[in-house]
Amino acid sequence: MLCEGCMERDNVSSSSTMEFLLLGFSELLHLRVLLFLTFLIVHLVTLAENAMIFVAVLMEPSRPPMLFFLGQLSAVELCYALVIVPKALLGLAAGGSAISMPGCAAQMHLFVALGGAECFLLAAMAYDRYVAVCQPLRYAALMEGLGLRLALACALGAFAVALGLTVAVFRLPFCQPRRIDHFFCDVPAVLRLACARGDAAQLALMAACLLLLLLPFLLILASYLCIAVALSGAASPAGRGKAFSTCVLQLAITFLHYGCATFVYIRPNSSYSPARDKVVSLVYTNVTPLMYPLIYSLRNKEIRGILRKMLRRKKIGEL
């Protein structure tokens, strides 16, 4: 779809001098201080939670696969938050912020890659739980050494898909003014600025959604369905209730993350709304990274045990 101002192309000799303006929440300037403080507090709590869990996992010499996955998830969430939130906070403080074209491309690539790696990791963790619950006698044989291979496959696969999508998007010509009505370089918001039909970019976006969103989501659902069937017939009432409550919480936060991402990326172009997209994007860039440690890690008895040991060592050191 052609955008306004396509007749005037930029006569800029180097793409490194081209800039986008991230408008962020410029329409809510009267709430700028409140939004800034809210985002800052959520960001700092998210960083503290994930850093604490990552350090706790590193300090544990014997790491079972689930503990390894929790450490990887915390590392991904740390990077995920640092890619998006500091620039958004700067935009809130200044009423908008400029970002170079290479910077915008780098942010988009890292955002998609880390988000995809997170989705694959959640699928790997669901499979780990499936093996632990449904095939406990074969757990050690199946998962020994598999955790590292799965983590590497998650990271490499997500980064490769993200690179293809980012290249397809930034091969398009962009119109003036380059104002992105978002708080980061999200794919739909950047595509709105293209001066030409972005069929290749749309196909790349659809492929990325199928590989990074739909495929892991189906694997997660299949794993939890098998877990539910196994628990309904095998566990004691008390153990079954505890296991079901954990699964329900994990599925709830997974549905929240995937539901918001699906709403933003898999929908007709005619339903695009910048204001609505920004609100929905806040969920999977701020809320779910804050909730994952609480639901996945801090409810894990091994993580809680490691954290208690860390606190004891700190108290002993202070005496």
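This report describes the cysteines of a predicted model and the disulfides that some of them form.

## Disulfides in the model

A disulfide is a covalent bond between the sulfur atoms of two cysteines. When the whole structure is searched, 2 disulfides are found.

## Cys-104 and Cys-185

One disulfide is formed by Cys-104 and Cys-185, whose sulfur atoms lie 2.1 Å apart. This pair links distant parts of the chain, for Cys-104 belongs to helix 3 (residues 101–134), while Cys-185 sits in the loop between strand 3 (179–180) and helix 6 (187–191), 81 residues apart.

The torsion about the S-S bond of Cys-104 and Cys-185 is about -125 degrees, and the disulfide is therefore left-handed. Both Cys-104 and Cys-185 are buried.

## Cys-175 and Cys-195

Another disulfide joins Cys-175 to Cys-195, with a distance of 1.9 Å from S to S. Because Cys-175 is found in the loop between helix 5 (146–170) and strand 3, and Cys-195 in the loop between helix 6 and helix 7 (199–234), the pair ties together parts that are 20 residues apart in sequence. Cys-175 and Cys-195 are both buried.

## Cysteines outside the disulfides

Cys-119 takes part in no disulfide, and the nearest cysteine sulfur, which belongs to Cys-154, is 10.0 Å away. Why does the sulfur of Cys-154 not form a bond with the closest cysteine sulfur, in Cys-119? The two sulfur atoms are too far apart for a bond, at 10.0 Å, because a pair counts as a disulfide when the sulfur atoms are within 2.5 Å.

Cys-119 is buried, with a relative accessible area of 2%, and Cys-154 is also buried, with a relative accessible area of 7%.

Key: Residues are numbered from 1 along each chain as its sequence is written. This is a predicted model: local features need pLDDT of at least 70, side-chain atom pairs count only at pLDDT 80 or more; totals for chains, interfaces and linings use all residues. Side-chain values use heavy atoms; hydrogens and water are left out. Helices (H or I, at least four residues) and strands (E, at least two) are DSSP runs, numbered from the N terminus. Buried means under 20% relative accessible area, exposed over 50%, partly exposed in between (1.4 Å probe, protein chains only).
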